[in-house]
Amino acid sequence: MLSRRYLPSMPSLLALEAVERLGSASAAAEELNLTQSAISRQLQVLEGQLGLGLIIRDKHRLRLTPAAQDYCREIRRALQALNQASLTLRANPNGGTLNLAILPAFGMHWLAPRLARFAAQHPEVTVNLSTRLQPFDFAISHFDAAIHYGRQDWSGVDYLPLMAEDLLAVSFPGLLKTPLASADDILSYPLLQLESRTGDWGRWLAHHGTPNQRPPAMLFDQFATMTQGAIHGLGVALLPLFLIERELTENRLTPVFGPAIPSLGSYYLVWPKDAVPRGPLASFRNWIAAERDA
């Protein structure tokens, strides 16, 4: 239960924030459409409630104490959050929002083409998407859920498995002058890999009978840029098969040796275990599970 003992009134908070931002009671009074004496009364009420001084009164000037300046920064963040909540409510008065952290490649190639169906089935839910490449602390974020690649190693969350991943070694069709006779022949060519998956080429070589290798490779932070690098002849890339179906069909990329191999990780929808159940998240979980099984 929220204690109201140290919960100031909105007029008092607005007065303090305006004085700190504008630098004077007269400017604050003009912005808030109040008199200077009304601003002063609100500040006095706030000081009385908190039991400490917030204002240094120097003749006709008002200055905030250093502690009050820190307090005001927190107030401003809270007021901005309230403002955002009101805007969200006005934008979607009959439903709710789902703030989803996504991985760029999965979001673009798997999720985005399907989201229109979710919007059609659940017009009451507004989905907001933001990119996050690594696990984060849900407790200090605004996200309701996230798309996660890897294993079930994100602490404090529940998991809904979405999709496994297969990796295929591909290049620009003109890069290899002759077909590779064996997997280790690939070491004669420049290799491309994701900076968060530096063991993939070693796993690929071991899968094809050449263990204990960790070849150097040009690093990329996202699959999209690595795909473009491969298309433009920078080297041989290990790419998820579901991301490059069009490039393979259009012959912009071609396999260089062997079939796709299973990746170490899978894709999951994750959400905090201790989260208060919300309708938008429940609707999205049910929908994405049906899409996965379709």
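## Helices α5 and α9

In this predicted model, helices α5 and α9 are oblique to each other, because the angle at which they pack is about 125° and a value between 115 and 145 falls outside the parallel, antiparallel and perpendicular classes. Helix α5 covers residues 104–121 and helix α9 covers residues 279–293, and their axes lie 11 Å apart. The crossing that the two helices make is right-handed.

On the α5 side, the residues that meet α9 are W110, L111, R114, L115, R117, F118 and Q121, while α9 brings S283, F284, W287, I288, E291 and R292 to the contact. Sorted by class, the residues of this contact are 7 nonpolar, 2 polar and 4 charged.

## Helices α1 and α2

A second helix pair is formed by α1, residues 10–22, and α2, residues 25–32, whose axes come within 8 Å and cross at roughly 125°. That angle makes α1 oblique to α2, and the handedness with which α1 passes α2 is right-handed. The residues of α1 that make the contact are L14, A15, A18, V19, R21 and L22, and those of α2 are A25, A27, A28, E31 and L32. The class count for the contact of α1 with α2 is 9 nonpolar and 2 charged residues, with no polar ones.

## Aromatic pairs and a cluster

A pair of aromatic rings is described by the distance of the centres and the angle of the planes. With rings of Phe, Tyr and Trp paired when their centres lie within 6.5 Å, the count for this model comes to 15 aromatic pairs. One of them joins F138 and W154, which are stacked, with 5.4 Å from centre to centre and 25° between the planes. This pair links distant parts of the chain, since F138 sits in the loop between β4 (125–131) and β5 (145–150) whereas W154 sits in the loop between β5 and β6 (157–171), 16 residues apart. Both F138 and W154 are buried.

Another pair, Y149 with Y267, is tilted, with 5.1 Å from centre to centre and 55° between the planes. Y149 belongs to strand β5 and Y267 to strand β11 (residues 261–272), so that the pair links parts of the chain that are 118 residues apart. Y267 counts as buried because its relative accessibility is 2%, where the cut-off for burial is under 20%. Y149 and Y267 also belong to one aromatic cluster, together with F106, W110 and F242.

## Helix α6 and the loop after it

Helix α6, residues 200–207, has D200, W201, G202, W204 and L205 as its buried residues. These buried residues of α6 pack against four strands, namely β6, β7 (191–194), β9 (236–240) and β11. Just after α6, the chain passes through G209, which takes a positive phi of about 95°.

Further along, N212 lies in the loop between α6 and β8 (218–220), and this residue has a positive phi of about 60° although it is not a glycine. Most residues other than glycine have a negative phi. N212 counts as exposed because its relative accessibility is 78%. N251, too, has a positive phi, near 60°, in a residue other than glycine; the place of N251 is in the loop between α8 (245–249) and β10 (254–255). At 48% relative accessibility, N251 counts as partly exposed.

## Two strand residues, P262 and S171

P262 is found in strand β11 and is partly exposed, with a relative accessible area of 47%. Leaving aside neighbours within four places in sequence, P262 is in contact with E165, D166 and R203. The C-alpha atoms of P262 and L168 are separated by 9.1 Å, although these two residues are 94 residues apart along the chain.

S171, by contrast, lies in strand β6 and counts as buried because its relative accessibility is 1%. Beyond its neighbours within four places in sequence, S171 is in contact with L176, A230, G235, V236, R252, L253, T254 and V256.

Technical notes
Residues numbered from 1 in each chain as written. Predicted model: local features only at pLDDT ≥ 70, side-chain atom pairs only at ≥ 80, totals over all residues. Heavy atoms only, no water. Axes fitted to C-alpha atoms, helices over the stretch in contact; angles between N-to-C directions. Parallel < 35°, antiparallel > 145°, perpendicular 65-115°, else oblique. Left-handed = near helix turned anticlockwise from the far one by under 90°. Contact = heavy atoms within 4.5 Å. Nonpolar A, V, L, I, M, F, W, Y, C, P; charged D, E, K, R; others polar. Phe/Tyr/Trp six-rings, centres within 6.5 Å; stacked < 30°, edge-to-face > 60°. Buried < 20%, exposed > 50% of the residue type's maximum accessible area, 1.4 Å probe, protein only.
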